[in-house]
Amino acid sequence: MKTLLILIAAVFLSPTVFAQPVQKVVPVQLGAKAFKDGDVILIEEVRSTSPRLEQGDTVTVKGRYRLASTDLASLQLLLTQVKGDGREETDSKQTVNASQGGSKPFEVTITVKHRGFLHLTFYETKSGKPFGGVYFGTPRQMARAADLSVSHYLK
C-alpha cells in the first residue's frame, strides 16, 4: 500500500503533469489592419500548441509596437468569435499597457476558447474604444476573414 501511494504521489507531483503545453513557432498570415498615423503593431513571432490556431490552443505573440496617436493605451490579444455572443473572459496575459514613444517590445498570450479570428488591437484606456489593430491567423482563417472590416478603428 505504501509503495502504491508513493507511486501515485510521484506521478501527480511529476513536472510533466504540471508542465505547460509545448508551444512551437508557427507561420501566420496578416489580415485586415488599420492604424492611426504613427501607430503600428508588428508581429515578430507567434508560438502555439498547434499550427491551427484554434479552440484549445495556447498562442503567444511577441512583437513590437509604436504608439504615437495618444499617451497611453491597452494592447490586447483577443478573438473575434465566429459563433456565440462575443463575450469572453480575458486574463492579464492577454494585455500590455502601451505608452507613447519609440518601438517597444510586447508579449501576450491567449488560450483560444471559441472559433474565430485572432487580433492584436489598441484600446483607449478610458473608454475602451478600439483605435487600431491587425488580424492574423492561418492562410485559411485569413481567407475566411477577408470581409472583416476594421474601418471602425479610424473613427
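## Helices and strands

Helices (H or I, at least four residues) and strands (E, at least two) are DSSP runs, numbered from the N terminus. In this predicted model, the protein chain has three helices and seven strands. Read from the N terminus on, the order of the elements is α-α-β-β-β-β-β-β-β-α.

Residues are numbered from 1 along each chain as its sequence is written, and side-chain values use heavy atoms, with hydrogens and water left out. Local features need pLDDT of at least 70 and side-chain atom pairs count only at pLDDT 80 or more, while totals for chains, interfaces and linings use all residues.

## Burial, contacts and surface

The protein chain has 155 residues, and 37% of them are buried (under 20% relative accessible area, 1.4 Å probe, protein chains only). Among contacts (heavy atoms within 4.5 Å) with a separation of 6 or more, 66% join residues 24 or more positions apart.

The accessible surface of the chain (Shrake-Rupley method, 1.4 Å probe) is about 9,400 Å², and carbon and sulfur atoms account for 55% of this surface.

## The largest pocket

A pocket is an open set of points on a 1 Å grid over the protein atoms alone, where a 1.4 Å probe fits, with protein on both sides within 12 Å along at least five of seven lines. The volume of the largest pocket, the space filled by probe spheres set on the points, is about 250 Å³. Of its 14 lining residues (an atom within 4 Å of a point), Arg52, Leu53, Glu54, Gln141 and Arg144 are the closest to the centre.

Strand S6 (116–124) and helix H3 (139–144) are the elements that each give two or more residues to this lining. H3 supplies the largest share, three residues.

Note on methods:
Buried < 20%, exposed > 50% of the residue type's maximum accessible area, 1.4 Å probe, protein only.
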